[in-house]
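Biologist: I am new to this structure and should be grateful for a close look at a single part of it. Please describe that part first, and then the framework to which it belongs.

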Amino acid sequence: MNPIVQITAPGAPEPENSNFTNCLQVGNQLFLSGMIASDASADAYAQSVSCLGKIQALVEAAGGSMNDVVKITVFLTDIAHRSDFSRARAEFFPGRKPCSTMVGITALAQPGLVVEIEAIAIINL
């Protein structure tokens, strides 16, 4: 049986006073909580880059790369931000693209946030 291991990375600090973690590894699988931008005042593109950068930091801390990401779920407060997110995604996934779901929502946990991204990765595919 595979133990559950918490993965941490300086580029994706754990949320303070929360009852969840950013990333858990079970065997060669990584499960990442929804990542939010470090700066809620940034535009949709910059927030997307921030979220994807945190995902990259955690996946790399587990010994993988963005090529190991097999699924992302994107939550946007305004579906009009789709093109901004898509531009950021293309920068982080220039080769094989992960499966992806995009969901339009009315709000995120912090005012000003417009995007949240969760991910699943399988290390060493």
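Modeller: The largest pocket of this predicted model has a volume of about 360 Å³. Rolling a probe the size of a water molecule over the atoms shows where empty space is left. Its lining consists of 17 residues, and those nearest the centre of the pocket are Pro 15, Phe 20, Ile 36, Lys 54 and Gln 110. Sorted by class, the lining holds 10 nonpolar, four polar and three charged residues. Strand β3 supplies the largest share of this lining, namely three residues.

Strand β3 leads to the sheet as a whole. The sheet is open and has six strands in the order β1-β2-β3-β6-β4-β5, with mixed pairing. The edges are taken by β1 (4-6) and β5 (99-104), each of which has a single partner strand, so one side of each is left without a neighbour in the sheet. On average, neighbouring strands of the sheet are turned by 15 degrees against each other, direction ignored.

Within this order, β3 has partners in β2 and β6. With β2 it pairs in the antiparallel sense over four bridges, and the two strands form a hairpin with two residues between them. Gly 27, in the turn of that hairpin, has a positive phi of about 60 degrees. Val 26 stands opposite Gln 29 of β3, while Gln 29 also stands opposite Ile 122 in β6. The pairing of β3 with β6 is antiparallel and comprises six bridges.

Towards the other end of the strand order, β4 (residues 69-76) runs parallel to β5, and six bridges join the two. Among the facing residues, Leu 76 has Gly 104 of β5 as its bridge partner, and Lys 71 stands opposite Cys 99 in β5. Between these two strands the chain passes through helix α2, and this β-α-β crossover is right-handed.

The helices complete the picture. Helix α1 (residues 44-61) lies across β2 (23-26), β3 (29-36), β4 and β6 (115-122), and runs at about 155 degrees to β3. Helix α2 (residues 82-92) also packs on the sheet, where it touches β4, β5 and β6. The direction of α2 makes about 155 degrees with that of β4.

To return to the pocket, Ile 36 and Lys 54 are among the residues nearest its centre. The residue range of β3 is 29-36 and that of α1 is 44-61.

Notes. Residues are numbered from 1 along each chain as its sequence is written. This is a predicted model: local features need pLDDT of at least 70, side-chain atom pairs count only at pLDDT 80 or more; totals for chains, interfaces and linings use all residues. Side-chain values use heavy atoms; hydrogens and water are left out. Two strands pair if DSSP finds at least two bridges between them. Axes are lines fitted to C-alpha atoms, for helices over the stretch in contact, and angles run from 0 to 180 degrees between N-to-C directions. Contact means heavy atoms within 4.5 Å. On a 1 Å grid over the protein atoms alone, a cavity is a set of points where a 1.4 Å probe fits but cannot get out, and a pocket is an open set with protein on both sides within 12 Å along at least five of seven lines; lining residues have an atom within 4 Å of a point. Grid points are joined across faces, edges and corners, and a volume is the space filled by probe spheres set on the points. Ala, Val, Leu, Ile, Met, Phe, Trp, Tyr, Cys and Pro count as nonpolar, Asp, Glu, Lys and Arg as charged, and the others, Gly among them, as polar. A crossover is right-handed if, with the strands pointing away from the viewer, the path from the first strand over the helix to the second runs clockwise.
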